[in-house]
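Thanks for making the time this morning. I would like to walk you through one structure, starting from a single residue and working outwards, so please keep the picture in view while I talk.

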Amino acid sequence: MTTNQIVLTTQEVAARFNELARQGKWFEIQEELFADNVRSIDPENSPYFGYAEGKGPVRKKGMDWVEKVEQVHWTSTTQPIIGGNHFAVGREVDLTVQGFGRIKMDEIMLYEVKDGQILSEQFFY
């Protein structure tokens, strides 16, 4: 018996991402939408994080960040903009982070989708 699995389009992945992001469900995004071999890439020489590959290491990278956040002052995420098999969102945060103090960051988050899953996330800040 074969099971036909529906593969989401980039538009559908971006819409689901947006729905979960608006609720602050970042780890649910990882669990539901990330491929097992997902890559997470921060800018070279970032003071915060670097590179992680694989669903487990990418989740740990996110959890390590969340554990350092002492206070969330404000956050905002834009609607996704889709181009081919990529989508991008803008994100603004104002946080107090252990070891960094209060930081305000404007970033672009770029996601690559393949076979209905997020294959990579890359941060520009």
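Let me start with Y125, which is partly exposed, with a relative accessible area of 32%; here buried stands for under 20% relative accessible area, exposed for over 50%, and partly exposed for what lies in between, with a 1.4 Å probe and protein chains only. I should say early that this is a predicted model, in which local features need pLDDT of at least 70 and side-chain atom pairs count only at pLDDT 80 or more, while totals for chains, interfaces and linings use all residues. Residues are numbered from 1 along each chain as its sequence is written, and side-chain values use heavy atoms, with hydrogens and water left out.

Y125 belongs to one aromatic cluster together with Y48, F49, W65 and F100. Rings of Phe, Tyr and Trp (for Trp, its six-membered ring) pair if their centres lie within 6.5 Å, and planes under 30 degrees apart count as stacked, over 60 as edge-to-face and the rest as tilted.

A search of the whole structure finds eight aromatic pairs. One of them joins F17 and Y111, a tilted pair at 4.7 Å centre to centre with 55° between the planes. F17 lies in helix α1 and Y111 in strand β6 (residues 101-114), so this pair ties together parts that are 94 residues apart in sequence; helices (H or I, at least four residues) and strands (E, at least two) are DSSP runs, numbered from the N terminus. Both F17 and Y111 are buried.

Turning to the interior, which residues touch the most other members of the largest nonpolar core? Of its 18 residues, they are F17, I29, F34, F87, Y111 and I118, where a nonpolar core is a set of buried Ala, Val, Leu, Ile, Met, Phe, Trp, Tyr and Cys residues joined through side-chain atoms within 4.5 Å. At least two residues of this core come from each of α1, α2, β1, β5 (86-97), β6 and β7, and α1 gives the most, with five residues. A second, separate core of eight residues includes F49, L95, I103 and M105.

Finally, in helix α2 (residues 26-33), the residues I29, Q30 and L33 are buried. Seen down the axis of α2, these buried residues fall within an arc of 105°, so they line one face of the helix, the arc being that of the directions from the helix axis to the C-beta atoms.
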